[in-house]
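Reader: I am new to reading structures. Could you pick one part and take me through it closely, step by step?

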Amino acid sequence: MTQPASPPTSPIGVFIAPVTPLQQNCTVVWCTATSKAAVIDPGGGVDIILAEVKQRGLILDQIWITHGHIDHAGGAAEMKEKSGVCIEGPHPEDLFLIEGLAAQGQMYGMPEARSFETDRWLDEGDVMTLGETTWEVRHCPGHTPGHVIFFNRAARFAQVGDVLFKGSIGRTDFPRGDHQTLLNSVVTKLWPLGDDVTFAPGHGPVSTLGEERRTNPFVSDAALQRAGRA
C-alpha cells in the first residue's frame with residue numbers, strides 16, 4: 001500500500017500511498033529530527049493514511065494541497081476534521097475547483113468528496129516549515145491555474161503533483177488548463193531546481209528531473225528543441 005521514497009540519512013522521510021480509483025499518490029513527508037509530518041494531497045483513503053502515520057510514530061502537523069482536483073483534494077476536509085491540523089494550499093486560482101469538489105465527486109463516483117476552506121493560500125516564493133525542515137513553494141500553472149509544488153532543497157526532493165510524471169506531463173484538457181503554460185512551468189520552475197532532484201509525481205513512479213529532462217517525450221531538451229520551444 002505504501003512505498004518508501006527517501007534514503008535513511010535524509011533530513012526528511014517520505015512514504016507514498018496511492019488513493020482513490022484514480023491511484024493518486026498521497027505523499028506523506030516528515031522531518032526526521034522531530035517526526036512532524038505533512039500529508040500532501042489526501043484525495044481519499046483518509047483513515048488508511050492516518051493509521052499509517054500513527055503506525056510510523058509520526059506527528060501529523062499539516063495538510064498540503066498541490067491543486068484542486070478531486071483525487072488530490074477530495075479528502076482534505078475529512079482529514080482536517082479528524083486530525084485538527086491546518087490545510088495549506090493550493091494557489092487561490094484553484095478556488096473554483098475546490099468549491100466544485102462535491103460536483104467532481106458525483107462525476108467521478110467519489111460522493112464522499114467535499115469542499116474546504118484552506119487556512120493558507122500559497123504562492124510563488126512562499127516557504128513551508130515542517131519541524132526543522134523548510135520547503136519552497138513554486139507556482140506551476142498549466143494543469144490547473146493554481147497548481148503549486150513543494151521542494152525540499154536540503155534533501156533534493158520535490159512533490160510536483162500533476163505537473164510532471166515519469167515519461168509524461170499533466171493533462172491540460174480540464175477547465176482552465178493550458179498546454180503551453182504547463183510546458184513553461186516545467187522549464188522555468190522545475191528544471192532550475194537541478195537534475196539531481198528526485199520527485200514524487202501525482203501518479204505513477206518517482207523519477208528525477210534529470211531523467212525527465214533527458215528522456216521525457218514531452219519536455220526533454222530534445223523534444224522542446226524539435227517543437228521550437230527550447
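Author: Start with a definition: Ala, Val, Leu, Ile, Met, Phe, Trp, Tyr, Cys and Pro count as nonpolar, Asp, Glu, Lys and Arg as charged, and the others, Gly among them, as polar. Keep in mind that this is a predicted model.

Our part is the largest pocket. About 360 Å³ of space lies in it. Its lining has 19 residues. By class, 10 are nonpolar, 6 polar and 3 charged. Nearest the centre of the pocket lie His69, Asp71, Gln104, Tyr108 and Phe174.

Which elements build this lining? Helix 2, helix 4 and helix 5 each supply at least two residues. Helix 5 gives the most, with 3 residues.

So look at helix 5 next, which spans residues 101–108. Leu101, Gln104 and Gly105 are buried there. They share one side of helix 5, because they cover an arc of only 105° around its axis. There is a general reason behind such patterns. An α-helix has 3.6 residues a turn, so residues three or four places apart point the same way.

What covers the buried residues of helix 5? The cover includes helix 2 (70–73) and helix 4 (95–99). Helix 2 and helix 4 also supply residues to the pocket lining. Now turn to the face of helix 5 that points away from its buried side. Gln106 and Met107 sit on that face, and they are exposed. After helix 5 comes Gly109, with a positive phi near 70°.

Next, the sheet. An open sheet is formed by 6 strands, in the order 7-8-9-10-13-14, with mixed pairing. Strand 7 (127–130) and strand 14 (207–208) stand at the edges. Each has a single partner strand, so one side of each lacks a neighbour in the sheet.

Focus on strand 10. Of its 5 residues, 5 are buried. Phe157, Gln159 and Gly161 point one way, while Ala158 and Val160 point the other way.

Strand 10 pairs with strand 9 and with strand 13. Strand 9 (148–152) runs antiparallel to strand 10 (157–161), and 3 bridges join the two. Opposite Phe157 stands Asn152. Opposite Ala158 stands Phe151. Strand 9 and strand 10 make a hairpin, with 4 residues between them. In that turn, Arg156 has a positive phi of about 55°. Strand 13 (198–201) runs parallel to strand 10, and 4 bridges join them. The bridge partner of Phe157 in strand 13 is Thr198.

Conventions. Residues are numbered from 1 along each chain as its sequence is written. This is a predicted model: local features need pLDDT of at least 70, side-chain atom pairs count only at pLDDT 80 or more; totals for chains, interfaces and linings use all residues. Side-chain values use heavy atoms; hydrogens and water are left out. Buried means under 20% relative accessible area, exposed over 50%, partly exposed in between (1.4 Å probe, protein chains only). The arc is that of the directions from the helix axis to the C-beta atoms. Contact means heavy atoms within 4.5 Å. Two strands pair if DSSP finds at least two bridges between them. On a 1 Å grid over the protein atoms alone, a cavity is a set of points where a 1.4 Å probe fits but cannot get out, and a pocket is an open set with protein on both sides within 12 Å along at least five of seven lines; lining residues have an atom within 4 Å of a point. Grid points are joined across faces, edges and corners, and a volume is the space filled by probe spheres set on the points.
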